Amino acid sequence: MSEPTRSERFLRACRGEPVDRPPVWLMRQAGRYLPEYRAVRAGVSFLEACQDVDRAVELSLQPLRLVGTEAVILFSDIFIPVVGMGVDLEFRPGPVIAQPIRTLADVEKLAVSDPRASVPYVFEILRRLRSELEAEEVPLLGFAGAPFTLAAYLVEGKGSKDFAALKRLMYCEPAVLHALLERLTEMTVEYLNAQIEAGAQAVQLFDTWAGLLSAADYREWVLPTHQAIARRLKRAAAPLILYVNGGAHVLDAMAESGADVLSLDWRVELADAARRVGRRVALQGNLDPCALAAPPARIAAWVRELRDAGRAARGHVLNLGHGCLPETPVAGVRAFTDAVRALT
Ligand code: 1CP
């Protein structure tokens, strides 16, 4: 078999088709850990960088050129389409919402507009990236925040450890949270389909905070949103990757989402996850991002262990278990991608 292109290897791994070795990329691969990122960001706010097509294209491509990742992910944030719904928010550095959403009237104020019109720059960035990457045959990923995680910040007003305001709404005023999730699900379907039309070859749905729920609450509040999105996406054109942080206890429900790939954090043992989900879905992950501070030989050994564990899965994409951190050493990221390329 001649060596596949990076797009072929990535898409085959997502679809559970045979590959020579797993492909590699990293969540939050563009970010403050790269001096070149800090240089492009100097003097502009994060939101401005997301809206500036030239800058966002450059930031999206940096990890490909600088640290050897084998897929490019759109430089943006899960809150960009929420800005398009008319929500007043700032990044400090995480999203801070001026007026948190707590009532039905607040939910009804969220505009259900076509993202192609409300955040046109997102699709312009994707079209530009796709034409830049076409010749090299590097896969382009789009992404969105999942409804539950977006709702968590919208209700709370900012990041939180336990999201108590969100849970209060869930347990005390379920109709309000249902309405909010429904509106966000509609938006997410439109937003991801528009990304696929603009050239995204796979899309990742980030449900970072859904792991805060019990398995029963996850099934009631989160799983239906994932299933609705999976059902309505143009999946023949782009596989769907689902990420839940701290989701070991909901792995079985994740496998019923309809996603093609489940992205797991490091608390889940990859071989065990493969046994639990069987041949239904491929897996992505799952090195602890903090482990990239270790010496290169140690990182290479973990990569080999992950590859071996991932062999039991329907398919495996090597990645971290969560995003790169501002303090992640660039040399550790390089050691990670080099070790994947060195797999035999
Ligand atoms: O000051 C800065 O440089 C801004 C930091 C930053 C960056 C680089 C934020 C603010 N967002 C991003 C980019 C980003 N965010 C990407 C880009 C593509 C990539 O290289 O991977 C992606 C996919 C995200 C997704 C995102 N944003 C998630 C889901 C994934 C995850 O990490 O859990 C979440 C929860 C957010 C919210 C958010 N935006 C920014 C921050 C610092 C946060 C987290 C806030 C918190 O912890 O509560």
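Is arginine 28 buried or exposed in this predicted model? Arginine 28 is exposed, with a relative accessible area of 58%. The legends below begin with this residue.

**Figure 1. Arginine 28, a residue with positive phi in a loop.** The close-up shows the loop between helix H1 (6-15) and helix H2 (35-41), where arginine 28 is found. Most residues other than glycine have a negative phi. Arginine 28 is not a glycine, yet its phi is positive, at about 50°. Its relative accessible area of 58% lies over the 50% cut-off, and therefore arginine 28 counts as exposed.

**Figure 2. Glutamate 137, with a positive phi in another residue that is not glycine.** Phi of glutamate 137 is near 55°. This residue belongs to the loop that runs between helix H8 (120-134) and strand E4 (140-145). With a relative accessible area of 36%, glutamate 137 is partly exposed.

**Figure 3. The cis peptide bond between arginine 92 and proline 93.** Most peptide bonds are trans. The bond joining arginine 92 to proline 93 is cis, with omega at about -25°. Proline 93 is placed in the loop between strand E2 (89-91) and strand E3 (95-97).

**Figure 4. The cis peptide bond between glycine 285 and asparagine 286.** Here omega is about -5°. Asparagine 286 has its place in strand E8, which comprises residues 282-287.

**Figure 5. A salt bridge between glutamate 197 and arginine 116.** Side chains of opposite charge can pair when their charged atoms come close. The side chains of glutamate 197 and arginine 116 meet in this way, with an N to O distance of 2.9 Å. Glutamate 197 lies in helix H11 (residues 174-197) and arginine 116 in helix H7 (residues 115-118), so the salt bridge ties together parts that are 81 residues apart in sequence. Arginine 116 is partly exposed, at 30% relative accessibility.

**Figure 6. Salt bridges of arginine 168 and glutamate 173, and a network of shared partners.** The closest N and O atoms of arginine 168 and glutamate 173 are 3.0 Å apart, and the two residues form a salt bridge. Arginine 168 is partly exposed, with a relative accessible area of 43%. Glutamate 173 is also partly exposed, at 32% relative accessibility. Elsewhere, Asp114, Arg116, Glu190, Glu197 and Lys234 are joined into one network by salt bridges that share partners. How many salt bridges does a search of the whole structure find? The search finds 25 salt bridges.

**Figure 7. A salt bridge between lysine 109 and aspartate 106.** The closest N and O atoms of this pair are 3.9 Å apart. A salt bridge requires these atoms to be within 4 Å, and therefore the pair qualifies. Lysine 109 is exposed, with a relative accessible area of 66%.

**Figure 8. Serine 257, a buried residue in a loop.** Serine 257 is found in the loop between helix H14 (251-254) and strand E7 (261-263). Its relative accessibility is 3%, which is under the 20% cut-off, and therefore serine 257 counts as buried. A polar atom of the serine 257 side chain lies 2.7 Å from the backbone oxygen of methionine 254. Which residues does serine 257 touch, not counting those up to four places away in sequence? They are Leu223, His226, Gln227, Ala230, Leu242 and Leu262.

Technical notes
Residues numbered from 1 in each chain as written. Predicted model: local features only at pLDDT ≥ 70, side-chain atom pairs only at ≥ 80, totals over all residues. Heavy atoms only, no water. Helix = DSSP H or I, 4+ residues; strand = E, 2+ residues; numbered from the N terminus. Buried < 20%, exposed > 50% of the residue type's maximum accessible area, 1.4 Å probe, protein only. Polar contact = N/O pair within 3.5 Å; in protein donor to acceptor, adjacent residues only side chain to side chain. Contact = heavy atoms within 4.5 Å.
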